[in-house]
Amino acid sequence: MVRIYREKEADLSLIKDRVVAVIGYGNQGRSQALNMRDSGLKVIVGSVKDESWDRAEKDEFEVVSISQAAEKANIVFVLLPDEVAPEIFNKDIYPHLKEKDVLVLASGYNIYYGYLRVPEFVDLVLLAPRMIGKAVRDLYVSGKGAPSLIGVGQDFSGKAKQIVLALAKGIGSTKIGAIESSFEEETKADLFGEQVRGACLVFMRRLAFEILVEAGCSPEVAVLELYASGEDVETLRAAAEQGLWAQLKLHSQTSQYGQLTRGPRIANEQIKEIFRKMMQDIETGAFAKEWTLEQQSGKSVLGRLWSLGLNHPLIEAENRVFKLLGER
Ligand code: NDP
């Protein structure tokens, strides 16, 4: 069974004299930096001169260039977008790493696929919150904390596990739970999870929209029924808090019967085979290779898919619904 670490298993005093550099002050960087400072750690921010730099200064952090931050710190959080992290790491961070420094990543992607290689004289750890950055901060402030996956990729100091646990405490994760994982597991779960969510949230609903309209429903009613009412937010919250099956009890028996007899017609062996193929593409690196090529060729496929999506009649209907409902 998976191991979960809580407050008493993590010791902040282990890192209280070290300097933590947060490289990248975006979704995760800002929240994690604020949380660690509030936990009593000495945190500086490394950034390029842009809005992120200004925001970190406004939040009263010492802000320096990325290379200066890597030079000054003993613990370096690389909280840059995964697509740009390897290049910036090789240019501005790697040359400044010292023996027994600790490198912290919030995603397994670049390590699992070998896009980012670290020297053998540092610790390499994973601290990956399972929440968007805003929630990492809000949950810390409310005293609950956001859960994180933790892992050790390289243990030069012999203390990498205790250090990542202390850092997990610093960002608030051990309040709810720091879950033992690895760079490999985080990558597979993260990529597969987001791809499946995209299929269900966007594409299955768009098909359902087309069928409702074919059946004579107005596009506005279809959009409201399928997502704009916000009913699913409550259903998902119930699933997260009470269980996937238990949330069914919140629906009428007519609804339960319809869901339980019709659901398996979609979620069948053929779909499972498609899911299996998606996972194979993740495990073999085919997806990552495809995405790297897409970035190198100017993200033309991504741009085309965005305009196709935005040209679907669902978007016009959705805009009308938002107008009708006003500010919510
Ligand atoms: P963001 O997209 O918010 O960007 C982080 C920072 O990187 C910003 O300050 C941005 O500055 C800076 N940045 C972007 N491009 C460059 C560049 N070319 N050179 C220098 N700085 C740059 O990233 P996230 O916080 O979303 O992600 C950080 C890490 O956390 C990733 O590994 C991600 O996988 C992981 N993660 C993210 C989650 C999320 O909720 N977003 C959840 C869990 C993990 P600016 O935009 O001002 O240029």
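Is Asp50 buried, partly exposed or exposed, and what is its relative accessible area? In this predicted model, Asp50 is partly exposed, with a relative accessible area of 33%. The residue is located in the loop that runs between strand 3 (42-46) and helix 2 (51-58). Together with Glu51, Asp54 and Glu57, Asp50 forms a negative surface patch.

The overall architecture of the protein chain comprises 16 helices and nine strands. The C-alpha trace spans about 65 × 45 × 40 Å along its principal axes. Of the 328 residues in the chain, 39% are buried. Among contacts with a separation of 6 or more, 66% are made by residues 24 or more positions apart. The accessible surface of the chain amounts to about 18800 Å², and carbon and sulfur atoms contribute 57% of this area. The chain carries 41 positive and 46 negative charges, and the mean positions of the two sets are 3 Å apart.

Helix 7 (residues 160-170) provides an example of a mostly covered element, as eight of its eleven residues are buried. Among the buried residues of this helix are Ala160, Ile163, Val164 and Leu165; Ala166, Leu167, Ala168 and Gly170 are also buried. Just after helix 7, Gly172 adopts a positive phi of about 100°.

Burial was also examined in helix 11 (residues 231-242), where Thr235 is found. Thr235 counts as buried because its relative accessibility is 19%, below the 20% limit for that class. When residues up to four places away in sequence are not counted, Thr235 touches Gln247 and His251.

A nonpolar patch is present on the surface as well. Leu201, Val202 and Phe203 make this patch, which has an area of about 300 Å². Phe203 belongs to helix 9 (residues 183-214). With a relative accessibility of 49%, Phe203 counts as partly exposed, since the exposed class requires over 50%.

A search of the whole structure finds 19 salt bridges. One of these salt bridges links Arg3 with Glu9, with the closest N and O atoms 2.9 Å apart. Both partners lie in the intermediate class: Arg3 is partly exposed at 43% relative accessibility, and Glu9 is partly exposed with a relative accessible area of 32%.

A further salt bridge is formed between Lys72 and Glu62, where the closest N and O atoms are 2.5 Å apart. Lys72 lies in helix 3 (residues 66-72) and Glu62 in strand 4 (residues 62-64), so this pair ties together parts that are ten residues apart in sequence. Lys72 is partly exposed at 45% relative accessibility, and Glu62 is partly exposed with a relative accessible area of 34%.

Within helix 6 (residues 133-141), Lys134 and Asp138 are four residues apart and are therefore separated by about one helical turn. An α-helix has 3.6 residues a turn, so residues three or four places apart point the same way. The side chains of Lys134 and Asp138 meet in a salt bridge with an N to O distance of 2.5 Å. Lys134 is exposed, with a relative accessible area of 57%, whereas Asp138 is partly exposed at 39%. Elsewhere, Arg130, Glu186 and Asp190 are joined into one network by salt bridges that share partners.

How values were computed:
Residues are numbered from 1 along each chain as its sequence is written. This is a predicted model: local features need pLDDT of at least 70, side-chain atom pairs count only at pLDDT 80 or more; totals for chains, interfaces and linings use all residues. Side-chain values use heavy atoms; hydrogens and water are left out. Patches are made of residues with over 30% relative accessible area and no salt bridge: like charges are joined within 9 Å, nonpolar side chains (Val, Leu, Ile, Met, Phe, Trp, Tyr) within 5 Å. Accessible areas come from the Shrake-Rupley method with a 1.4 Å probe; for residues, only the protein chains shown count as cover. A salt bridge is a side-chain nitrogen of Lys or Arg within 4 Å of a carboxyl oxygen of Asp or Glu. Lys and Arg count as positive and Asp and Glu as negative; His and the chain ends are not counted. The place of a charge is taken as NZ of Lys, CZ of Arg, CG of Asp or CD of Glu. Helices (H or I, at least four residues) and strands (E, at least two) are DSSP runs, numbered from the N terminus. Buried means under 20% relative accessible area, exposed over 50%, partly exposed in between (1.4 Å probe, protein chains only). Contact means heavy atoms within 4.5 Å.
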